[in-house]
Amino acid sequence: MENKIYETETVNVAAEIKKTINAIKRTIYLFIAFCIKSWIVILALIVIGSGIGFLLTKSTKPKKEASFFAHINYEMGGSVYNSIETINAKIAQKDSVFLKKINVWDNGSKIKSISITPVVRLENIVNQFNPSNSLSLQLFLENYDKVKDEELVQIPGLYTYYKQHLIKINLSHYGDNESILSVVDYLNTNPNIQKAKSTFRFNLDTRIKTNLEVIGQIDSFINQKTKNLQAHSSPVIGDQDFNLSELFKIKASYERDNENRYTDMALSEELVVPLERINIVETKKSIKDNKTIIFPILLIFFFFMFSGIRSFYIKMRDSINTQNEL
């Protein structure tokens, strides 16, 4: 008995599947037949849509963007990020008063949005630590290895260790280089800059002088030890553990640190210093921006939708009329 029931259910399922397949086949056939019947209309819609899309594309000015690397000084990365968030908020609010003040408004905002991303370079972070402060550096590196770059970027306290940042600016079709320079000027008008600049340069000078003193002491120590070795046929007591190569390594680390400080000093005239020529380029067009393709697709879609609704309406009307006649 159970086997018969199972066989009956199997036959019913197979029949339903067959009916579904036949319904799909019928639908495909009717769709193809409709397309063949309406090929002139479809071709006309393609031509009309492509023409409209081409004309609109020709009359629409392309969007533009600019990206450049910038050096942020005075350990004020967080302040720059906040300023950029303020600009984006004002653009979203269409605050013409603020945008005119920073010279990026002309019958609309010349800038669509600004983004900034730190360039995470471990050597830049390591250089912030004094060569003698190995314990703090070790603790930092242990913590650094535990997080991913995108997570590290989100740690506000680490903005101070990022020197180079990638700034991207999306412009309206009438945005220009002057607009970008206006944004950079705005970022460089922070009221705390002069005080931070003075402190930053003082710390740089102090660090450079300290490094030079240590380098001088190492040179004096090496010279003294070298004289002792040359003056005596056997090592003087205390010179047995003298390791010349290790001292040179320590000296080289202080010299490299000074090279980085000199670079920081050379780039410290402004808070935000572009590191390359700023070039404006047209943004790459996506499929959504290709109106010569989008418009024909839309016209054909609406044609099929209207035809489907019309067919459904006629069938329902005939069905209701038939019922009324009965």
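Trainee: Why is Lys251 called buried?

Mentor: Its relative accessible area in this predicted model is 16%. Buried means under 20%, so Lys251 makes the cut with its 16%.

Trainee: And what makes Glu255 partly exposed?

Mentor: Glu255 comes out at 36% relative accessibility. The partly exposed class runs between the 20% and 50% cut-offs, so 36% puts Glu255 there.

Trainee: How do you know that Lys251 and Glu255 meet in a salt bridge?

Mentor: Check the N to O distance, which is 4.0 Å. The rule asks for a Lys or Arg side-chain nitrogen within 4 Å of an Asp or Glu carboxyl oxygen, so the pair counts at 4.0 Å. Both residues sit in helix 10, four residues apart, or about one turn of the helix. While we're on salt bridges, those that share partners link Lys163, Arg207, Asp257, Arg261 and Asp264 in one network. The search of the whole structure turns up nine salt bridges.

Trainee: What makes Glu269 and Arg201 a salt bridge?

Mentor: Their closest N and O atoms are 2.7 Å apart, and the limit is 4 Å, so the pair qualifies.

Trainee: Why is that pair said to tie together parts that are apart in sequence?

Mentor: Glu269 is in the loop between helix 10 (244-266) and strand 4 (272-274), whereas Arg201 belongs to helix 9 (residues 193-231), so the pair joins parts 68 residues apart in sequence.

Trainee: Are those two buried or partly exposed?

Mentor: Partly exposed. Glu269 has 49% relative accessibility, and the exposed class begins over 50%, so Glu269 stays in the partly exposed class. Arg201 has 22%; buried would need under 20%, so Arg201 is partly exposed as well.

Trainee: How do you know that Asp95 and Lys90 form a salt bridge?

Mentor: The closest N and O atoms are 3.4 Å apart, and the cut-off is 4 Å, so this one counts. Asp95 is partly exposed at 21%, and Lys90 is partly exposed at 23%.

Trainee: On to helix packing. Why is helix 3 called oblique to helix 8?

Mentor: Helix 3 (residues 77-93) and helix 8 (residues 177-187) pack at about 130°, their axes 10 Å apart. Roughly perpendicular covers 65 to 115 degrees and roughly antiparallel starts over 145, so helix 3 is oblique to helix 8. Helix 3 passes helix 8 in a right-handed crossing.

Trainee: Which residues make the contact?

Mentor: From helix 3, Val80, Ser83, Ile84, Thr86 and Ile87; from helix 8, Val183, Tyr186 and Leu187.

Trainee: What makes Leu204 buried?

Mentor: Leu204 has a relative accessible area of 5%, and buried means under 20%, so Leu204 is in that class. You'll find Leu204 in helix 9. Leaving aside neighbours within four places in sequence, Leu204 is in contact with Arg261, Asp264 and Met265. Also, Leu204 and Tyr262 are 58 residues apart in sequence, with 8.3 Å from C-alpha to C-alpha.

Trainee: How many of the protein's residues are buried, as a percentage?

Mentor: Buried residues are 28% of the 326. The protein exposes about 22,200 Å², with 58% of that supplied by carbon and sulfur atoms.

Trainee: And what are the elements and contacts like overall?

Mentor: The protein has eleven helices and five strands. Among contacts with a separation of 6 or more, 85% are between residues 24 or more positions apart.

Terms used
Residues numbered from 1 in each chain as written. Predicted model: local features only at pLDDT ≥ 70, side-chain atom pairs only at ≥ 80, totals over all residues. Heavy atoms only, no water. Helix = DSSP H or I, 4+ residues; strand = E, 2+ residues; numbered from the N terminus. Buried < 20%, exposed > 50% of the residue type's maximum accessible area, 1.4 Å probe, protein only. Contact = heavy atoms within 4.5 Å. Areas by Shrake-Rupley, 256 points an atom, 1.4 Å probe, with all protein chains shown as cover. Axes fitted to C-alpha atoms, helices over the stretch in contact; angles between N-to-C directions. Parallel < 35°, antiparallel > 145°, perpendicular 65-115°, else oblique. Left-handed = near helix turned anticlockwise from the far one by under 90°.
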